[in-house]
Amino acid sequence: MDEPYGRQNAAPTPPADVISCENLVKIYKTKDLEVLALQGLDLQIKYGEMMAIIGNSGSGKSTLLNMIGGLDRPSAGRLYVDGKDLFKLGERELVEYKRATVGFVWQNNARNLIPYLTAIENVMLPMDFRGGMKQRAKREKAARLLALTGVGGKAGSRLGQLSGGEQQRVAIALALANDPKVLLADEPTGAVDVRTTGLILDVLRGVNKELGTTVVIVTHDRQLATKVNRVVAIRDGKTSSESIMRQSYKDALARVEGFAGAAGTAQEKDTHEEFAVLDRAGRVQVPREYLEKMGVGGNRIKMEFADGKVVMSAARLAEPEDAPAVPAGRPW
């Protein structure tokens with residue numbers, strides 16, 4: 001049967017998500033112990049998004065980053081990055097995936113850069129492993145990336161001649177050398193001061209805007225996380241909440257063309273609105289501090305639906321008033 005007119009040559013709709021995690025599980029096994037690092041985590045990240053993943057030590061955020069980066073294998077669930085099923089990639093395919101699809105920026109600069117190479121030589125190095133480019137083209141591309149990250153004037157400097165912030169910006173340029181779809185930044189500002197933190201964040205914003213690269217920042221720094229549009233919190237191996245940036249009313253007016261005087265009066269800051277995240281079974285994680293304020297001591301909570309809202313409160317179990325006394329000596 002012929003296809004209806006207009007559908008014969010229709011291209012398939014590309015997926016909106018560059019990263020899709022469904023019910024992701026990771027179990028680390030030792031001789032005497034099993035550690036459940038991820039416990040059915042769900043997460044979707046769109047193409048071109050810049051977002052942060054936060055969580056305390058042991059929450060599973062670094063485990064997730066390693067699996068997205070192809071450095072570790074999931075135990076169960078589904079994990080797709082740029083349309084690639086990471087469960088099905090063979091070793092050779094996984095090597096190519098790490099070369100071409102993802103770029104990594106680590107907190108430890110010694111892990112990012114080779115100290116006896118200059119900045120431009122470091123950035124050119126990943127291109128050598130892919131091949132297909134002449135030396136002059138590699139150098140020109142590396143110079144453009146260093147300029148994009150704000151260290152174009154340091155192309156001939158070695159690691160020991162660069163400040164910590166400069167080293168990190170060279171590391172970002174290196175991570176972009178093979179045009180990855182996703183840039184993964186693991187605590188990228190953990191070893192620098194507050195001023196340099198702002199510079200590095202500006203560089204990541206520039207990369208996201210100019211190149212369209214998806215940027216995923218893993219951090220425990222909640223101040224840093226507030227500078228991006230979406231923040232996903234992980235607790236006990238699951239996504240527990242999401243915070244979405246809401247543009248302030250005054251700043252919105254200031255951006256409207258022709259609104260006289262608004263730019264001079266715009267003082268309110270953008271804020272994040274936090275949402276709980278439901279898993280596929282409709283379950284939600286309630287933050288421990290909320291439970292403590294509610295006086296919840298055990299594993300029971302009272303829940304009721306009232307006026308279009310779900311209301312939770314501490315469960316108060318009533319003691320039976322007329323419970324019969326247990327006769328002495330009886331084997332109950």
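**From a buried helix to two pockets and a surface patch**

Just after helix α1, Gly 70 adopts a positive phi of about 75°, and this residue offers a convenient point from which to enter the structure, which is a predicted model. The helix that precedes Gly 70 spans residues 61-68, and six of its eight residues are buried, so α1 is largely enclosed by the rest of the structure. The buried residues of α1 are Lys 61, Thr 63, Leu 64, Leu 65, Met 67 and Ile 68, a list in which the charged side chain of Lys 61 stands beside those of leucine, methionine and isoleucine.

From this enclosed helix the reader may turn to the open spaces of the model. The largest pocket holds about 620 Å³ of space, and of the 21 residues that line it, Lys 98, Arg 99, Phe 104, Pro 126 and Leu 174 are the closest to its centre. Two or more lining residues are given by each of α2 (91-100), β6 (102-105), α3 (109-112), α4 (119-130) and α6 (164-175), and the largest share, four residues, comes from α4. In character, the lining of this pocket divides into 13 nonpolar, five polar and three charged residues.

The second largest pocket, with about 520 Å³ of space, is lined by 24 residues, and those that lie nearest its centre are Arg 235, Ser 240, Ser 241, Glu 274 and Pro 287. Here the elements that each supply at least two residues of the lining are the strands β9 (230-235), β10 (238-246) and β11 (271-276), together with the helix α11 (288-294). Sorted by class, the lining of the second largest pocket contains ten nonpolar, eight polar and six charged residues.

Further along the chain, attention passes from pockets to the surface itself, where Ile 301, Met 303, Phe 305, Val 310 and Met 312 form a nonpolar patch whose accessible area amounts to about 500 Å² together. Two strands, β12 (301-306) and β13 (309-314), each supply at least two residues of this patch, with β12 giving the largest share, three residues. Met 312 belongs to strand β13, and its relative accessible area is 32%, so this residue counts as partly exposed, a class that lies between buried, under 20%, and exposed, over 50%. Because patches are made of residues with over 30% relative accessible area, the 32% of Met 312 satisfies that cut-off for a place in the nonpolar patch.

Key
Residues numbered from 1 in each chain as written. Predicted model: local features only at pLDDT ≥ 70, side-chain atom pairs only at ≥ 80, totals over all residues. Heavy atoms only, no water. Patch = residues over 30% accessible without salt bridge, like charges linked within 9 Å, V, L, I, M, F, W, Y side chains within 5 Å. Areas by Shrake-Rupley, 256 points an atom, 1.4 Å probe, with all protein chains shown as cover. Salt bridge = Lys/Arg side-chain N within 4 Å of Asp/Glu carboxyl O. Buried < 20%, exposed > 50% of the residue type's maximum accessible area, 1.4 Å probe, protein only. 1 Å grid on protein atoms, 1.4 Å probe; cavity = no way out; pocket = protein on both sides within 12 Å on 5 of 7 lines; lining within 4 Å. Points joined across faces, edges and corners; volume = space filled by probe spheres on them.
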